[in-house]
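Please open the model in a viewer and keep the sequence at hand. The tour below proposes a series of selections and describes what each one shows.

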Amino acid sequence: MIKIQAEANVPTEHGTFRMIAFSENANDWMPHMAIIAENTDFSKPVNVRFHSECITGEVFHSKKCECGQQLDAAMKYIHENGGIIVYLRQEGRNIGIINKLKAYSLQEKGLDTVEANLQLGLPADDRNFGVAIEILNLLNVKDVNLLTNNPEKVKYVVDSNIHLNSRIPLQIPANDMSRGYLKTKKDYFGHLLDDNDN
Ligand SMILES: Nc1nc2c(ncn2[C@@H]2O[C@H](COP(=O)(O)OP(=O)(O)OP(=O)(O)O)[C@@H](O)[C@H]2O)c(=O)[nH]1
Ligand SMILES: [Zn+2]
């Protein structure tokens, strides 16, 4: 059972957010996070993004994926419209950064994002969004507009006690280095992505 361990207001380039750390114990160095925009109205459907950690994309601005740009776009959106980003410590679709770099090394040899995980003997996607639902419950969120292209995230909300009011697409245009990755997400995982960009 996770609980709120600490919280504070943090000013960012995208506005000020209430940042909250969730974990089972106070010594956890990698707690899940929620950041809440100041203008969030909990009496209406809340704009929510479940975002899985991607150090390569978010910190180092890798062009292989769109995670960093999605996080920025989501922060901008919730600053303007209210909402919450649930930031999940699920690096590399939850295989961890060491395995993700091993997968990238296989991708240099021609494997796609799914084949590389499988070649390592790991699941294509090892994530579970149950903890994100737990966090929304701890925050007393009852009704959401979910910012995602991932049908699995939608399914977790639909199957939970939280009402899905709508899905808000969060599509970033492909570049030459992310085009194949986005195409595999669409073809293999069924991501709801428009063709014109990918
Ligand atoms: N294993 C592996 N993980 C990757 C690769 N590229 C990106 N990731 C991870 O994929 C995850 C992407 O998570 P999210 O941004 O939540 O995106 P998503 O599940 O595609 O869904 P939406 O963005 O909501 O549509 C992050 O954990 C990244 O670290 C890759 O090539 N291999
Ligand atoms: Zn990424």
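In what order do the seven strands of the open sheet lie? Display the strands alone to follow the answer in this predicted model: the order is 1-2-3-5-4-6-7, and the pairing is mixed. Select strand 1 (3–12) and strand 7 (163–168) next; these are the edge strands, each of which pairs on one side only. Averaged over the sheet, neighbouring strands are turned by 25 degrees against each other, direction ignored.

Remain at strand 7 and add strand 6, residues 143–147. The two strands pair in the parallel sense, over five bridges. To locate one of the partners, select leucine 147, whose bridge partner in strand 7 is isoleucine 168.

Now bring in helix 2, which packs on the sheet. Its contacts are with strand 1, strand 2 (15–23), strand 3 (32–37), strand 4, strand 5 (84–88) and strand 6. The direction of helix 2 makes about 160 degrees with that of strand 4. Then select helix 6, residues 130–138. Helix 6 lies across strand 1, strand 2, strand 3, strand 4 and strand 5, and runs at about 140 degrees to strand 5.

Turn next to ligand 1. Which residues come nearest to it? Of the 23 residues around ligand 1, these are Ser52, Cys54, Thr148, Asn149 and Asn150. Colouring by element shows that strand 4 (46–52), helix 2 (67–81), helix 3 (91–94), helix 4 (96–108) and helix 5 (113–119) each give two or more residues to the shell. The largest share, three residues, comes from helix 3. If the shell is coloured by class instead, six residues appear as nonpolar, eleven as polar and six as charged.

Three asparagines make the next stops. Select asparagine 94 in helix 3. This residue has a positive phi of about 75 degrees although it is not a glycine. Is asparagine 94 buried, exposed or partly exposed? It counts as partly exposed because it has 18 C-beta neighbours inside 10 Å, whereas a buried residue would need 20 or more.

Move to asparagine 140, in the loop between helix 6 and strand 6. Asparagine 140 also has a positive phi, of about 65 degrees, and is not a glycine. With 8 other C-beta atoms within 10 Å, asparagine 140 is exposed.

The third stop is asparagine 27, in the loop between strand 2 and strand 3. Asparagine 27 is exposed, with 8 other C-beta atoms within 10 Å. From here, draw a distance to arginine 167: the two residues are 140 apart in sequence, and their C-alpha atoms are 35 Å apart in space.

Finally, display the whole protein. Its secondary structure comes to eight helices and seven strands. The radius of gyration is 17 Å, close to the 16 Å that the globule rule gives for 198 residues, so the protein is as compact as a globular protein of that length. Along the principal axes, the C-alpha atoms fill a box of roughly 50 × 40 × 35 Å. Colouring by burial marks 31% of the 198 residues as buried. Among contacts between residues at least 6 apart in sequence, 55% join residues at least 24 apart.

Key
Residues are numbered from 1 along each chain as its sequence is written. Chains are lettered from A and ligands numbered from 1 in the order in which they are written. This is a predicted model: local features need pLDDT of at least 70, side-chain atom pairs count only at pLDDT 80 or more; totals for chains, interfaces and linings use all residues. Helices (H or I, at least four residues) and strands (E, at least two) are DSSP runs, numbered from the N terminus. The radius of gyration is taken over C-alpha atoms; the globule rule is 2.2 Å times the number of residues to the power 0.38. A residue is buried if 20 or more other C-beta atoms lie within 10 Å of its own, exposed if 12 or fewer, and partly exposed in between; C-beta atoms are placed from the backbone. Two residues are in contact if their C-beta atoms, placed from the backbone, lie within 7 Å. A residue is near a molecule or strand if its C-beta atom, placed from the backbone, lies within 6 Å of it. Ala, Val, Leu, Ile, Met, Phe, Trp, Tyr, Cys and Pro count as nonpolar, Asp, Glu, Lys and Arg as charged, and the others, Gly among them, as polar. Two strands pair if DSSP finds at least two bridges between them. Axes are lines fitted to C-alpha atoms, for helices over the stretch in contact, and angles run from 0 to 180 degrees between N-to-C directions.
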